[in-house]
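The following exercises concern aromatic pairing, sheet topology, helix packing, a disulfide and local burial. Each task is followed by a worked solution.

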Amino acid sequence: MSAAITVTDATFETEVIDSEIPVVVNIWATWCGPCKQVAPILDQLAAEYDGRVKIVKLDADQNPQTVTAVGVTSIPTLGFYAGGARVDMLIGAHSKPVIAEKMEALLA
């Protein structure tokens, strides 16, 4: 079963911007309750979309450079990237169908 992969300030460009396939970036923190609700949903979606959409997670506290660069002001934030650019975003905890709908839009 696939799970979200961890990215950092150092690997964000390679894993997200330079990715050959669309990417969902989960920006989270260990102390964030809603982040803990979203994590298992994203692990399920990572398995379901394996090979079509990459799901990565970025710890906001450990990677402030990327958090600032992408303009995140609240967590959890899900950034949806295609072709190296963010094309959509969800802020806060959302249900699996809502996140899956945004992922389908990446593939359209």
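**Exercise 1. Aromatic pairs**

Task: Determine how many aromatic pairs there are, and characterise the geometry.

Solution. Step 1: the criterion is that rings of Phe, Tyr and Trp (its six-membered ring) pair if their centres lie within 6.5 Å; planes under 30 degrees apart are stacked, those over 60 edge-to-face, and the rest tilted. Applied here, the rule yields 1 aromatic pair.

Step 2: the partners are Phe12 and Tyr81, with 5.9 Å centre to centre and 80° between the planes, an edge-to-face arrangement.

Step 3: to place the rings, note that helices (H or I, at least four residues) and strands (E, at least two) are DSSP runs numbered from the N terminus. Phe12 belongs to helix 1 (residues 12–17) and Tyr81 to strand 4 (residues 77–82), so the pair ties together parts that are 69 residues apart in sequence.

Step 4: both Phe12 and Tyr81 are buried, where buried means under 20% relative accessible area, exposed over 50%, and partly exposed in between (1.4 Å probe, protein chains only).

The model is predicted: local features need pLDDT of at least 70, side-chain atom pairs count only at pLDDT 80 or more, and totals for chains, interfaces and linings use all residues. Residues are numbered from 1 along each chain as its sequence is written, and side-chain values use heavy atoms, with hydrogens and water left out.

**Exercise 2. The sheet**

Task: Establish the strand order and identify the edge strands.

Solution. Step 1: two strands pair if DSSP finds at least two bridges between them. The 5 strands form an open sheet with mixed pairing, in the order 1-3-2-4-5.

Step 2: the edges are strand 1 (5–7) and strand 5 (85–91); each has a single partner strand, so one side of each is left without a neighbour in the sheet.

Step 3: from one strand to the next, the twist averages 30°; the angles run from 0 to 180 degrees between N-to-C directions, and the axes are lines fitted to C-alpha atoms, for helices over the stretch in contact.

Step 4: consider the individual pairings. Strand 1 and strand 3 run parallel and are joined by 3 bridges, with Leu58 in strand 3 as the bridge partner of Val7. Strand 2 and strand 3 are also paired in the parallel sense, over 6 bridges, and Leu58 is the bridge partner of Ile27. Strand 4 and strand 5 pair in the antiparallel sense over 6 bridges, and Ala82 stands opposite Ala85 in strand 5.

Step 5: in strand 3, 5 of the 6 residues are buried, so this strand is largely enclosed by the rest of the structure.

**Exercise 3. Helices against the sheet**

Task: Describe how helix 2 and helix 4 lie relative to the strands.

Solution. Step 1: helix 2 (residues 33–48) lies across strand 2 (23–28), strand 3 (54–59) and strand 4, and runs at about 155° to strand 3.

Step 2: helix 4 (residues 96–107) lies across strand 2, strand 3, strand 4 and strand 5, at about 15° to strand 4.

Step 3: strand 2, helix 2 and strand 3 make a right-handed β-α-β unit; the handedness is right if, with the strands pointing away from the viewer, the path from the first strand over the helix to the second runs clockwise.

**Exercise 4. The disulfide**

Task: Which cysteines form a disulfide, and how far apart are their sulfur atoms?

Solution. Step 1: with a disulfide defined as a pair of cysteine sulfur atoms within 2.5 Å, the count is 1 disulfide.

Step 2: the sulfur atoms of Cys32 and Cys35 are 2.4 Å apart and form this link.

Step 3: the angle about the S-S bond is 80°, and the link of Cys32 and Cys35 is right-handed. Both Cys32 and Cys35 are buried.

**Exercise 5. Two residues of strand 2**

Task: Are Asn26 and Ile27 buried or exposed, and what do they contact?

Solution. Step 1: Asn26 is found in strand 2 and is buried, with a relative accessible area of 4%. Ile27, found in strand 2, is buried with a relative accessible area of 4%.

Step 2: contact means heavy atoms within 4.5 Å. Leaving aside neighbours within four places in sequence, Asn26 is in contact with residues including Leu42, Val56 and Leu78.

Step 3: not counting residues up to four places away in sequence, Ile27 touches, among others, Leu58, Val67, Val70 and Ile75. The C-alpha atoms of Ile27 and Ala39 are separated by 10 Å, the two residues being 12 apart along the chain.
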